[in-house]
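Got the structure open in your viewer? Let's walk through it one selection at a time.

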Amino acid sequence: MKTLAELAQIQDLEFKGDGNLLLKSVATLENATHDQITFLANPSYTKFLNQTKAGAVILSATAAESYQGNALISNNPYVTFARIAQLFHSINENTMKAQTEIHSSAVVSEKVKLGGFVAVGPLSFIGDDVVIGDNCVIGSQVSIGDGVKLGSDCQIKAGVKIEAGTVIGDRVIVHPGAVIGADGFGLARDKSGWVKIPQTGIVEIGDDCEIGANTTIDCGAIENTKLGNDVRLDNQIQIGHNVQIGDHTVIAGCTAVAGSTKIGKNCFIGGGVGIVGHIEICDGVTIQAMALVTHSITEADSYSSVAPLQPTKQWRRNAVRVKQLDQLTKRVKQLEKNIDD
Amino acid sequence: MKTLAELAQIQDLEFKGDGNLLLKSVATLENATHDQITFLANPSYTKFLNQTKAGAVILSATAAESYQGNALISNNPYVTFARIAQLFHSINENTMKAQTEIHSSAVVSEKVKLGGFVAVGPLSFIGDDVVIGDNCVIGSQVSIGDGVKLGSDCQIKAGVKIEAGTVIGDRVIVHPGAVIGADGFGLARDKSGWVKIPQTGIVEIGDDCEIGANTTIDCGAIENTKLGNDVRLDNQIQIGHNVQIGDHTVIAGCTAVAGSTKIGKNCFIGGGVGIVGHIEICDGVTIQAMALVTHSITEADSYSSVAPLQPTKQWRRNAVRVKQLDQLTKRVKQLEKNIDD
Amino acid sequence: MKTLAELAQIQDLEFKGDGNLLLKSVATLENATHDQITFLANPSYTKFLNQTKAGAVILSATAAESYQGNALISNNPYVTFARIAQLFHSINENTMKAQTEIHSSAVVSEKVKLGGFVAVGPLSFIGDDVVIGDNCVIGSQVSIGDGVKLGSDCQIKAGVKIEAGTVIGDRVIVHPGAVIGADGFGLARDKSGWVKIPQTGIVEIGDDCEIGANTTIDCGAIENTKLGNDVRLDNQIQIGHNVQIGDHTVIAGCTAVAGSTKIGKNCFIGGGVGIVGHIEICDGVTIQAMALVTHSITEADSYSSVAPLQPTKQWRRNAVRVKQLDQLTKRVKQLEKNIDD
């Protein structure tokens with residue numbers, strides 16, 4: 001529990017209203033109660049502001065002016081909400097239990113170097129020559145291969161598989177079922193069939209990254225696959241061998257990046273996107289959901305390629321015309337010529 | 001083994017032909033033999049009916065009229081087939097073995113409440129305060145986090161990870177590698193980088209649901225992610241935080257649903273579909289494979305958005321015209337104007 | 001370490017330059033050093049050839065003519081590179097350690113038949129009546145269900161789940177998190193809801209296949225799901241029940257193949273492709289990335305269906321016209337008629 005005044009002080013913000021009000025957690029505008037704090041960031045939710053039963057609301061200075069209730073005033077209400085949610089989350093988690101032990105069922109090599117306050121969950125495996133920094137929490141049934149290096153304050157959740165040699169920075173979170181450092185897809189075609197190309201590079205991940213559930217990041221073929229700092233990957237993303245992703249780039253779920261492609265910093269890649277191999281995407285690019293990127297992008301802008309949704313009956317009539325579009329264009333050209341003549 | 005007459009009695013159906021015929025399993029029309037039962041539901045397979053060597057065939061009354069062999073007569077041959085297949089499957093499974101023990105290698109918290117006839121497979125982990133109903137079968141290397149509640153008659157297959165707090169109903173099947181309750185993808189952008197928003201909601205799953213292999217269902221950000229009853233998800237589906245899915249809705253493989261979207265009851269969502277966040281899809285909607293749904297749908301209908309497949313050489317000529325389509329439309333408008341003048 | 005002359009002899013190739021040069025590993029043209037060998041296969045990298053510091057380069061006879069440094073001459077430099085990379089990889093791996101033991105934490109049924117030199121990693125589970133051939137390496141936390149048959153020289157990586165009854169050939173590699181033999185998605189609709197159709201077939205995989213990380217291959221509904229020999233699947237691919245895939249076919253990441261579809265030999269299916277159920281694709285077909293295949297393909301060719309990427313602002317203007325395309329075509333027809341009249 002924190003008072004509104006305490007929250008304002010911790011976040012270095014102004015507040016308005018009852019500073020002694022006790023708050024215990026965060027909630028939505030619609031469902032918050034008297035001991036919860038909420039926020040307004042998306043203007044389309046303004047309609048809920050006057051009906052909210054929240055103890056306090058995080059608001060911009062402008063929005064706070066016309067609001068009668070208790071408010072915490074922030075230039076960026078969503079970031080302030082995130083920080084306060086983190087604060088309450090860590091308070092509530094800590095009162096539950098501290099998990100700083102190696103579970104007796106875990107299999108941990110003797111040739112391992114663990115920092116202070118490292119927890120290893122049940123039935124996890126840690127191989128030879130692994131180095132794990134301070135305050136890391138390894139969940140249940142995790143596998144960490146030989147020679148992996150993990151920074152401090154990392155969270156590796158249930159069932160994650162980190163293959164041999166992977167290097168991960170500080171404060172990285174890897175969600176359940178993610179696979180880091182599996183072989184890339186490298187094949188050469190001989191007369192009799194496919195010849196596998198050994199994948200001898202590793203995966204390097206910077207600080208403050210987040211890797212979603214069941215996401216896969218392949219190791220490099222010869223050189224390394226690299227994620228910068230503060231790269232955020234959602235669930236079920238596929239990152240091919242030798243891919244490089246710049247700092248602060250965010251990728252939504254189910255997107256696939258093929259081998260050797262370089263993605264810049266501060267990009268925002270939507271969900272279900274496909275990016276072919278061996279291209280470069282510059283800094284600051286946005287790719288809309290399910291687009292296919294087939295060539296390098298050199299200008300920071302938003303890009304799309306998906307046709308709009310239609311009722312299937314109408315769509316079928318249009319779809320058949322898409323197959324005749326070149327012909328149609330030529331017919332229009334002929335008409336223009338005929339009229340000119 | 002059951003006789004044709006016994007099967008008819010159990011299913012409360014009429015039969016035609018030799019009621020004493022012994023049947024041991026189900027098969028396809030093409031490959032069934034004298035002691036197997038098969039079915040005809042899809043008219044395009046009618047050609048195989050007169051060649052089948054099946055002991056008996058499940059048929060509609062109309063189809064049975066012109067069929068000379070043994071038949072079980074049903075208004076819905078496919079459903080009857082499903083029920084008979086279930087019957088034979090459970091007979092054959094039961095003769096193999098009953099797995100109702102906690103394997104000695106499993107790690108099960110002392111603070112767990114197990115129903116009757118619960119099996120826990122090798123190397124599985126069950127956390128504190130978990131409640132598991134009667135007749136549940138937990139496979140190998142499953143992880144069930146603290147406080148998870150599981151109804152009765154559930155099957156949780158190998159390697160499934162169910163994160164803390166998840167609530168699951170009765171008769172739910174979760175296939176290998178699925179991850180339920182991992183953090184949603186919630187980030188706020190501060191000047192220096194991304195700030196993680198703690199994901200404090202849970203996942204609630206109703207009765208009779210099926211969750212496919214390597215499918216991921218994120219926990220709610222603040223409130224909960226909810227699947228109704230009899231929701232059927234295929235493999236490698238991604239369900240974002242706070243999503244709600246209505247009863248009897250079916251989703252095919254590799255589809256992604258972004259955060260806070262509500263999908264109605266009795267929807268049929270094809271494979272590889274993308275559904276953006278914060279929209280609503282009403283009851284009874286069909287989405288064709290690989291369509292992108294970018295806005296709410298308020299009318300029960302079938303929807304599509306994907307261009308038809310063409311040989312690449314032809315497609316390239318059309319594809320370049322798609323990029324000029326607005327211009328082409330304007331040229332046509334100009335032609336119309338010229339002719340009118 | 002091998003000399004250039006030794007490598008030439010092992011590969012049965014000619015070389016040019018210093019045969020006594022010692023080489024220890026492979027590298028890229030850009031980054032190779034004096035004791036490394038590299039290759040030139042893609043002409044777009046020719047610019048790096050004259051700057052390379054590699055000890056030797058694998059080149060075609062033509063390219064070797066104008067190259068001054070040490071060269072190994074091959075009709076197929078990429079395949080030669082693959083074979084030499086394999087050679088160095090196995091030399092370097094073998095000097096590290098031989099893992100041919102059953103880890104004490106593994107749970108292995110007594111009713112199992114293991115070949116010679118089989119390794120089973122920590123915390124893995126092997127069920128009853130499993131047969132595993134010589135020289136197989138099973139990683140950590142693998143689950144192999146009852147009755148599974150595995151040929152010789154297979155590598156099953158961390159966290160793979162192979163369900164009961166699966167049959168796998170020789171020299172097959174399965175990458176972390178893959179699920180083989182989970183239930184297919186089979187449902188019949190009754191008035192009250194969905195009835196599950198028991199999935200009683202298995203998965204059969206031939207020799208020399210590779211299955212990517214977190215890929216899922218469903219068991220057959222009644223008959224079997226079948227991969228031929230030398231089928232190569234990348235990560236996060238979904239293969240539905242009863243699918244058949246011919247020899248040497250390669251599928252890139254995140255592609256989904258729906259149930260009962262047959263794909264021929266020597267096909268090349270790009271990433272993110274969707275292939276609907278119950279169709280046939282003939283031998284030698286190429287499908288471009290993210291295309292949707294909605295009907296059978298009877299001619300070996302390359303096929304596409306995705307619109308080209310555009311800046312979102314321009315795309316929106318064109319996208320709205322796609323929805324009016326049938327109408328536009330009719331307007332052009334009317335213009336043609338008017339001009340004819």
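Start where two chains touch: select B:L325, B:D326 and B:T329 in α5(B), then add C:R317, C:N318, C:R321 and C:V322 in α4(C), because these residues meet, and two residues are in contact if their C-beta atoms, placed from the backbone, lie within 7 Å. The names α and β here stand for DSSP runs numbered from the N terminus: helices are H or I runs of at least four residues, and strands are E runs of at least two. Sorted by class, this contact of α5(B) with α4(C) has 2 nonpolar, 2 polar and 3 charged residues. For the classes, Ala, Val, Leu, Ile, Met, Phe, Trp, Tyr, Cys and Pro count as nonpolar, Asp, Glu, Lys and Arg as charged, and the others, Gly among them, as polar.

A quick word on the ground rules. This is a predicted model, in which local features need pLDDT of at least 70, side-chain atom pairs count only at pLDDT 80 or more, and totals for chains, interfaces and linings use all residues. Residues are numbered from 1 along each chain as its sequence is written, while chains are lettered from A and ligands numbered from 1 in the order in which they are written.

Now show both helices whole: residues 325-340 of chain B for α5 and residues 312-322 of chain C for α4. Their axes come within 7 Å and cross at roughly 60°. That makes α5(B) oblique to α4(C). (Axes are lines fitted to C-alpha atoms, for helices over the stretch in contact, and angles run from 0 to 180 degrees between N-to-C directions; under 35 degrees counts as roughly parallel, over 145 as roughly antiparallel, 65 to 115 as roughly perpendicular and the rest as oblique.)

**Chain on chain**

Next, colour by chain. Chain B can be laid on chain A by a turn of 120° and a shift of 0.0 Å along the axis, with an RMSD of 0.0 Å. That is the relation of a three-fold axis. Copies are superposed by least squares on the C-alpha atoms of residues with pLDDT of at least 70 in both. Try chain C on chain A too: a turn of 120° and a shift of 0.0 Å along the axis give an RMSD of 0.1 Å. The copies use different surfaces, as 19% of the contact residues of chain C recur in chain A.

Select the contact between chains C and A: 62 residues come from chain C and 57 residues from chain A. Which element gives the largest share of the side of chain C that touches chain A? It's α3(C), with 8 residues. By class, that side of chain C has 30 nonpolar, 22 polar and 10 charged residues.

Then switch to the contact between chains B and A, with 57 residues from chain B and 60 residues from chain A. Here α5(B) gives the largest share of chain B's side, 5 residues. That side has 26 nonpolar, 20 polar and 11 charged residues.

**Strands that cross between chains**

Pick residues 302-304 of chain A, strand β38, which pairs with β39(C) in the antiparallel sense over 2 bridges. (Two strands pair if DSSP finds at least two bridges between them.) In β39(C), C:Q310 is the bridge partner of A:S304. Over at chain A's β39, residues 310-311, 2 bridges lead to β38(B), again antiparallel. There A:Q310 stands opposite B:S304.

**Sheets**

How many strands form the open sheet that runs from β39(B) to β10(C)? There are 11, in the order β39(B)-β38(C)-β36(C)-β33(C)-β30(C)-β27(C)-β24(C)-β19(C)-β16(C)-β13(C)-β10(C), with mixed pairing. β39 (310-311) of chain B and β10 (119-120) of chain C stand at the edges, each with a single partner strand, so one side of each is left without a neighbour in the sheet. Inside this sheet, zoom in on β33 (residues 268-269) and β36 (residues 286-287) of chain C, which run parallel and are joined by 2 bridges. C:I269 has C:I287 as its bridge partner.

For a smaller selection, take β21 (residues 187-190) and β22 (residues 193-196) of chain B, antiparallel strands joined by 4 bridges. A hairpin of 2 residues links them, and B:L187 is partnered with B:K196.

Last stop: chain B's open sheet of 5 strands, in the order β2-β7-β6-β5-β4, with mixed pairing. Select β2(B) and β7 (residues 70-73) of chain B to find 3 bridges between antiparallel strands, with B:I73 as the bridge partner of B:E14.
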